[in-house]
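Hi there,

Here is the structure I promised to pass on. Have a look at it first, and my notes follow just below.

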Amino acid sequence: MSEIPYKIYLEENEMPKEWYNVRGDMKKKPAPLLNPGTLKPVTKEELSAVFCEELVAQELDDTTRFFEIPAEIREFYKMYRPSPLVRAYCLEKKLGTPAHIYYKFEGNNTSGSHKLNSAIAQAYYAKKQGLKGVTTETGAGQWGTALSMACSYFDLDCQVYMVKVSYEQKPFRREVMRTYGAKVTPSPSMDTEVGRKINAEFPGTTGSLGCAISEAVEAAVSQDGYRYVLGSVLSQVLLHQSVIGLETKAALDKYGIKADMIIGCAGGGSNLGGLISPFAGEILRGENNYEIIAVEPASCPSLTRGVYAYDFCDTGKVCPLAKMYTLGSGFIPSANHAGGLRYHGMSSIVSELYDQGLIKARSVEQTAVFEAAEMFARVEGILPAPESSHAIRVAIDEALKCKETGEAKNIVFGLTGTGYFDLVAYQKYNDKEMSDYIPTDEDLKKSIDLIPKVEA
Ligand SMILES: *Cc1c(COP(=O)(O)O)cnc(C)c1O
């Protein structure tokens, strides 16, 4: 075997030409989305009122294994892909581990995360359908930023409802979005009926993601030529994000490296689902075995402490019901939870794979995550996003286990983004003002008890 370089790149002609839909290889499929009114599986027609047609087709297709990546999207991918697969030589040395650690770094684009992989696809299909623009919500702003970049590339109008507290406290992300031409509105706003209603009911509210989703959906259906787009959780998003896993696999194969363990952070499950898809496919087809670990915050533990049930995807209860591991759509993580990954539910694909035992899950505490982030930044150079640092934490823990057992495992993890816009959280950590909060069973029971009772 040739010496493994610090960064493994792929040539342009080695880059994926198709996305991989892991549902095509699942014998037991994820449960279908349900119409919240009729509790029947949502139809193509119902979804097409809100989402772009081609994306609806991708969402509902659980048999086609490969979807061609349109040439226009492959062109765009070339601007920042392939993303490097890095051998973490410096981290290995620091830990004194016999393990070989690799990370797939998705922060190499201006938006700073993997979200651009799906944003550009969604913008492309909206343009192809002849739409004028798209609407969406954003919390901390990563998705809004990625979508703004994608929309400006295809000359589409982009309307982002940004949770008011983030709009006010995270002016930098907001300005990046505006620079790419997006219209950013603090939510709840006075522009939509639902926004006016929430403002009247809760004067001075600083908003929530659930409320921003409701506003973005209303804005999409009430304007001609607009559709709503979403940056995680949906199966179409995992499909687009499979480019991460396909590139990772191609790069490993190029050097004859067999991954033993694949680790990713899990918020809505899109980067994890994308990273693991081709590997999970091999497990499902009985060709290979991998240990796959989803890492979530102990303060928002959907997989490790949630229930597998049909639930609302949004707090506003306007979106279809999805069967997933959930803490209940009313669950709000504690305010001192700084490090992203605050979603109450989980992608239905990741949920089903977890339920089938293909994926393991682990929850980690905030200060331990930032300790890992700090160590990683100091030896590998990259300032990681707090979300990504959940995966770093577990990769380090596993590498330290290898040190005890003497095993030279190949550990691969997803480094989803950079932490330049998370410096308030880093400041808290540096000032030793960061604390861990783990919800009690009582806390969780409150929101779990409110999950609708739907026969799964
Ligand atoms: C959004 C985001 C995540 C979590 O989203 P998933 O859909 O679970 O991948 C993780 N890391 C970064 C940097 C993000 O921006």
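Let me begin with a single residue: Lys 432 is exposed, with a relative accessible area of 72%. Please keep in mind that this is a predicted model. Lys 432 sits in the loop between α17 (423-430) and α18 (441-448), and its phi is positive, near 60 degrees, although the residue is not a glycine. Most residues other than glycine have a negative phi. Leu 39 is another non-glycine residue with a positive phi, of about 60 degrees. Its place is the loop between β2 (18-20) and α1 (44-48). Is Leu 39 buried, partly exposed or exposed? Its relative accessibility is 41%, so Leu 39 counts as partly exposed, since that class runs between 20% and 50%.

While we are on the backbone, there are cis peptide bonds to look at as well. Most peptide bonds are trans. The bond from Arg 81 to Pro 82 is cis, with omega near 0 degrees, and Pro 82 belongs to the loop that joins α3 (71-80) to β4 (85-87). The bond from Ser 187 to Pro 188 is also cis, with omega near 5 degrees. Pro 188 lies in the loop between β8 (183-187) and α9 (193-201).

Strand β8 brings us to a sheet. Four strands make up this open sheet, in the order β8-β7-β6-β9, with parallel pairing. At its edges stand β8 and β9 (226-228); each has a single partner strand, so one side of each has no neighbour in the sheet. From one strand to the next the twist averages 25 degrees. Strands β7 (157-163) and β8 pair in the parallel sense over five bridges, and Ser 187, the residue before the cis bond to Pro 188, stands opposite Val 163.

Which helices should you look for on this sheet? Helix α6 (142-153) lies across β6 (133-138) and β7, and runs at about 165 degrees to β6. Helix α10 (209-222) packs on the sheet too, touching β6, β7, β8 and β9, with its direction at about 170 degrees to that of β6.

There is also an open sheet of seven strands, where the pairing is mixed and the order is β1-β4-β5-β15-β10-β11-β14. Its edge strands are β1 (7-8) and β14 (359-364), each pairing on one side only. Within this sheet, β5 (100-105) and β15 pair in the parallel sense over six bridges; Tyr 103 has Phe 413 of β15 as its bridge partner.

Finally, the cavities. How many of 30 Å³ or more are there in the whole structure? The search finds three. The largest has a volume of about 100 Å³ and is lined by 16 residues, with Pro 297, Ser 299, His 337, Glu 365 and Gln 366 nearest its centre. Helix α15 (366-380) gives the most to that lining, with three residues. By class, the lining has seven nonpolar, seven polar and two charged residues.

The second largest cavity holds about 40 Å³ of space. Its lining consists of Lys 104, Glu 106, Ile 244, Asn 271, Leu 275, Gly 414, Leu 415 and Thr 416. Two or more of these residues come from each of α12 (270-284) and β15 (410-415). The lining divides into three nonpolar, three polar and two charged residues.

Happy browsing, and do write back with any thoughts.

Best wishes

Methods: Residues numbered from 1 in each chain as written. Predicted model: local features only at pLDDT ≥ 70, side-chain atom pairs only at ≥ 80, totals over all residues. Heavy atoms only, no water. 1 Å grid on protein atoms, 1.4 Å probe; cavity = no way out; pocket = protein on both sides within 12 Å on 5 of 7 lines; lining within 4 Å. Points joined across faces, edges and corners; volume = space filled by probe spheres on them. Nonpolar A, V, L, I, M, F, W, Y, C, P; charged D, E, K, R; others polar. Pairing = 2+ DSSP bridges. Buried < 20%, exposed > 50% of the residue type's maximum accessible area, 1.4 Å probe, protein only. Axes fitted to C-alpha atoms, helices over the stretch in contact; angles between N-to-C directions. Contact = heavy atoms within 4.5 Å.
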